[in-house]
Amino acid sequence: MEIGYYPGCSLESTSREFDISLRAMCRMMDITLVEVPDWICCGTSPTHAFSQELSHMLPYKNIQKAETHGIKELLIPCPSCLYSISHTEAACVTDANVRQRLSEVTGYTYEGGLKIYHLLDFLRDRVTLGGLKAMVKKPLEGLKIASYYGCLTRFFPAAADDMEQPSLLEQIIEALGGQPVEWTCKVDCCGASLSITRPDITKRLLGEILQSATRASADCIAVVCPLCQSNLDIRQKGLTNPSGAPYAIPVIYLTQLIGIALGAQSGALGMEKLMIDVGPLLRAKGLL
Amino acid sequence: MTESSHHENIELLTYSEVIEVKGFVGNFDVTIRMRPRSVDMSKCTGCGDCLTKCPAKVRSEADQGLGTRRAIYKPFSNAVPNVPVIDREHCIYFTKGKCKVCQKICKAGAINYEQEETIRTEKFGAIIVATGFSLFDISKYGEYGGGRYKDVITGLQLERMIDPNGPTGGHLVRPSDGKPAKSVVFVQCVGSRDEVKGMAYCSKVCCMYTAKQAILLKDHFPETQSYVFYIDIRATGKNYEEFILRAQREYGVVYLRGRVSKIHDPGDKLEVYGADTLAGESVKINADLVVLASAMVPNPDARDLARMLNIPYDSYGFYSEIHPKLQPVESITRGMFIAGACTFPKDIPDSVMMGSAAAAKVCTLFAADELTVEPKLAEVDVDKCVGCFNCIDVCPYEAIQKDTVSGRNVARVIQTLCQGCGNCASTCRSGALDVKGFTDKAIYAQIAAPFEPDEEEEDVYAGA
Amino acid sequence: MLELDAEHVHNLSERVKELSGEDVTHCIQCGKCSGGCTVAPDMEEIPSRIMRFIQLNMKERALTSAMVWTCSSCLTCTARCPEGIDIAKVMNVLRMMCLAEGYTPKEKHVRVFNRLFIDMIQKYGRVYELGLMVQNNMMAMTPFRDIGLLPAILKKRKIGFLPHKVRAVAEVKELFKKCKPFIKG
């Protein structure tokens with residue numbers, strides 16, 4: 001299977017392990033990722049607060065580059081990039097003003113029909129839960145996982161069956177043999193966009209998420225967003241629970257968990273790049 | 001209820017349903033299915049022995065799922081008639097062929113497993129439809145944990161809990177762990193005033209019953225602290241506004257103006273996140289129990305029933321009256337009346353008023369020897385009628401019949417059913433059908449009038 | 001004191017509707033957005049209050065509010081609004097109007113950061129995180145903020161020392177030249 005791939009800026013830097021583990025996972029599943037050549041930043045939140053036109057133009061450029069390269073289906077792992085690009089794609093289809101303006105500026109006319117996937121619905125629809133389960137070599141038995149969707153994933157109906165209590169990530173974790181826990185902060189915002197400008201707010205939000213995961217007795221938190229992961233992981237050091245003890249909850253990408261379950265070496269999944277060391281946990285569960 | 005069951009002019013048919021209605025005012029042919037109770041009503045003494053011995057337990061509908069009942073049961077303790085019914089879907093005898101304990105225990109020999117349903121058709125002069133309401137399904141609000149969190153309940157469930165005959169014996173406890181509930185949060189407008197995933201309308205009764213519940217809790221359980229999240233307080237009846245103020249002033253109920261955004265259940269207490277727009281702050285409360293005032297909605301089978309009875313309903317499924325202000329209890333079918341919450345959310349005084357009004361209308365109907373109707377009725381000119389019967393297909397009231405005149409097939413309008421809507425007149429290809437008082441000729445003349453040249457105005461002062 | 005007159009009272013809500021497509025007059029001030037807002041607990045204003053400012057043509061309060069600028073775009077308000085108003089979109093439009101009309105927001109850090117982020121895209125086509133963090137800290141006068149995290153991040157090679165410039169950076173600069181703040185003027 002071949003699928004177009006738009007990594008986005010985060011997967012190139014602070015979330016490199018998301019890219020590494022995604023590629024490793026696809027290799028194991030015989031999926032060829034066709035990266036959009038010379039893709040540019042999608043703009044994300046700062047552009048949406050600066051210029052409506054630019055917030056459409058940047059994603060549109062990427063759509064243009066993807067289509068010109070023959071890509072008909074595009075996997076976008078970062079929910080923020082996915083939001084920007086799918087928003088523009090939908091606006092082109094429904095809003096004549098937007099369509100005309102973008103066509104005018106870029107000289108390229110998007111005719112519609114580009115299928116855009118979130119990691120979750122890509123796994124459910126193209127890999128299938130049954131197919132995933134069949135590939136598992138090392139079930140994540142005994143691993144209690146808090147499924148963290150983050151605030152944006154729930155806006156994709158294909159990926160989130162319910163905006164407030166989605167269940168797809170839990171289903172995937174179960175297919176991998178893991179044990180999803182019931183916890184309260186599934187779709188709460190981690191404050192990543194404020195991480196640099198208002199770290200005080202971000203720290204409060206992270207504290208709530210980590211406390212909730214602790215209460216639910218989670219061994220680790222599974223994420224599908226590079227911003228959530230880097231925020232929760234990089235900033236976890238220095239945060240303490242209400243009794244004053246420091247948190248040490250590994251924050252792992254879903255693709256890394258899949259990689260482990262499918263029998264990949266941890267080095268191939270970028271596990272060493274995680275700030276909170278996940279080694280002890282995996283060794284304790286016999287997964288390393 | 002007991003009074004009506006003993007009244008000499010009232011026959012109470014319980015565990016029964018209407019399955020067909022034909023005919024017209026004064027002459028409705030109503031077919032009723034009387035389902036088998038499996039208990040002989042003429043023998044049962046209402047002693048209640050069978051109720052305690054039945055081994056099959058089922059979630060109680062009357063207790064809103066909070067408690068259990070048996071397979072042989074009475075819907076609630078003071079149900080009328082005082083005769084139980086066997087729920088054949090859960091009865092061990094009917095599902096597995098064993099048990100029969102109730103029959104062994106019954107001293108009156110009233111249990112009859114072979115009882116079958118009976119169908120009866122009778123003529124009735126008028127019909128009053130007062131089929132009531134249901135509650136909005138709170139599981140649609142995932143952000144409130146409706147249906148997931150045990151300690152998030154509906155107002156009706158709270159009523160059952162504080163009833164001494166209820167599932168908790170009248171104790172205010174958390175369904176999750178049975179511990180007493182001290183901090184209670186009431187959330188109004190759940191499913192109401194929500195254009196996105198609920199009903200756009202206001203359910204009218206919640207502001208008042210929430211205040212009542214908060215007052216009752218404080219009265220019976222003085223250590224309770226209640227909070228009410230509201231958007232607007234609708235207290236428009238007699239002494240209603242004063243009642244709300246009493247809740248706030250005398251019973252210490254804290255009213256917060258803002259909708260609740262989400263409820264978390266981390267394990268012990270519930271975390272309620274809402275806002276108080278008056279103070280301009282977001283608010284968090286740790287609650288033992290959360291009570292959702294869920295919207296009043298039409299019954300799930302309201303539309304099916306309405307189609308059977310030929311009563312129009314609105315986009316929500318509420319039954320429509322002919323005129324919302326001047327004829328609130330009459331439906332478009334003559335002789336069929338509507339009352340209560342099946343028309344729109346209502347409280348008890350309003351429902352009683354509508355019921356009384358409908359009854360009075362029926363009395364007026366029956367007191368007359370003749371039926372007076374508006375003359376706006378359809379009429380067939382049999383000379384023009386070609387017998388195509390397209391009119392029968394388009395008549396919503398089944399008021400047109402096939403007839404024979406001088407050997408020809410023609411249409412005939414049943415005047416007691418006709419409501420003068422004009423569908424048939426506009427469909428009739430041969431111009432045989434017309435509505436009295438609104439004939440085609442008259443309508444065309446109305447349309448032509450503005451286009452006629454102005455008449456020369458006579459100058460009355462000319463020549464003066 | 002808020003003085004209202006028939007000629008002006010609808011101005012801001014009409015303008016916001018024109019630019020965002022969202023009709024703020026539908027807001028019944030229920031507060032559900034405020035109850036779930038990620039940043040509200042740390043802010044002076046709550047989102048429902050901002051919507052009220054728009055309804056009552058209180059332009060400066062709406063455009064410069066720190067809450068509007070600190071909005072994390074988590075879209076929780078949009079997800080829960082019972083009137084179906086895309087509140088997060090309205091927040092973005094307010095920020096754009098603020099910049100376009102030359103007001104000064106009460107929250108400076110976010111404006112500065114956003115500007116740097118966008119400049120980065122214009123220069124390289126992608127976000128150069130190290131440069132962004134360094135420059136932001138300089139502008140915010142907190143040059144040593146987060147510096148403790150830097151060694152670990154660099155050691156794990158999570159961040160590039162040098163920016164990655166896309167080949168088609170000229171096309172990107174073209175887009176920046178042509179773009180206007182709003183699609184509909």
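These are my notebook entries on a predicted model, mostly on chain C and its two partners.

**Entry 1. Confidence.**
I looked up the scores before anything else. The predictor assigns the complex an ipTM of 0.91 and a pTM of 0.90. For chain C, the average pLDDT is 90, and 99% of the residues reach at least 70. I kept one general caution in mind: predicted coordinates should not be read in detail where pLDDT is low.

**Entry 2. Chain C, overall.**
I asked how many helices and strands chain C has. I found 11 helices and zero strands. Read along the sequence, the pattern of chain C is accordingly α-α-α-α-α-α-α-α-α-α-α. I took the box along the principal axes, and the C-alpha atoms of chain C fill roughly 60 × 40 × 30 Å. Chain C has 185 residues, and 45% of them count as buried. I also checked how far apart in sequence the contacts of chain C reach. Of those between residues at least 6 apart, 66% join residues at least 24 apart.

**Entry 3. Domains of chain C.**
The domain assignment splits chain C into domain 1 (11–100) and domain 2 (108–178). I noted a distance of 28 Å between the C-alpha centres of domain 1 and domain 2 of chain C.

**Entry 4. Helix 1 against helix 7 in chain C.**
I looked at how helix 1 (residues 11–20) of chain C meets helix 7 (residues 87–100) of chain C. Their axes are 10 Å apart and the packing angle is about 105 degrees. Angles of 65 to 115 degrees count as roughly perpendicular, so helix 1 of chain C is roughly perpendicular to helix 7 of chain C. On the helix 1 side, I listed V16(C), L19(C) and S20(C) as the residues making the contact. Helix 7 of chain C answers with K89(C), V90(C) and V93(C). By class, the residues of this contact are four nonpolar, one polar and one charged.

**Entry 5. Helix 3 of chain C.**
I asked whether helix 3 of chain C is enclosed or open, and why. Seven of its nine residues are buried, so helix 3 of chain C is largely enclosed by the rest of the structure. The buried residues of helix 3 of chain C are P47(C), S48(C), R49(C), I50(C), M51(C), F53(C) and I54(C). After helix 3 of chain C comes N57(C), with a positive phi near 60 degrees.

**Entry 6. Chain C against chain B.**
I turned to the contact between chain C and chain B. It involves 19 residues of chain C and 21 residues of chain B. On the chain C side, helix 2 (32–36) and helix 3 (47–55) each supply at least two residues. Helix 2 of chain C gives the most, with four residues. Sorted by class, the side of chain C that touches chain B holds seven nonpolar, seven polar and five charged residues.

**Entry 7. Chain C against chain A.**
I then took the contact with chain A. Here 49 residues of chain C are in contact with 44 residues of chain A. Several helices of chain C each supply at least two residues to this side, namely helix 6 (76–80), helix 7, helix 8 (108–124), helix 9 (129–139), helix 10 (150–155) and helix 11 (169–178). The largest share comes from helix 8 of chain C, with seven residues. The side of chain C that touches chain A divides into 26 nonpolar, 12 polar and 11 charged residues.

**Entry 8. Domains of chain B.**
I checked the domain assignment of chain B, which gives domain 1 (2–126), domain 2 (134–297) and domain 3 (378–450). The C-alpha centres of domain 1 and domain 2 of chain B are separated by 34 Å. Their contact takes six residues from domain 1 of chain B and nine residues from domain 2 of chain B. The domain 1 side of that contact has one nonpolar, four polar and one charged residue.

**Entry 9. One residue of chain A.**
I picked L206(A), which lies in helix 10 (residues 199–215) of chain A. I asked whether L206(A) is buried or exposed. L206(A) has 22 other C-beta atoms within 10 Å, and the cut-off for buried is 20 or more, so L206(A) is buried. Leaving out residues up to four places away in sequence, L206(A) touches C190(A), N231(A), L232(A), R235(A) and L239(A). I also noted P37(A), 169 residues from L206(A) along the chain, with 35 Å between their C-alpha atoms.

Technical notes:
Residues numbered from 1 in each chain as written. Chains lettered and ligands numbered in written order. Predicted model: local features only at pLDDT ≥ 70, side-chain atom pairs only at ≥ 80, totals over all residues. Contact = placed C-beta atoms within 7 Å. Nonpolar A, V, L, I, M, F, W, Y, C, P; charged D, E, K, R; others polar. Domains from an automatic or database assignment. Buried ≥ 20, exposed ≤ 12 C-beta atoms within 10 Å, placed from the backbone. Axes fitted to C-alpha atoms, helices over the stretch in contact; angles between N-to-C directions. Parallel < 35°, antiparallel > 145°, perpendicular 65-115°, else oblique. pLDDT = per-residue confidence, 0-100.
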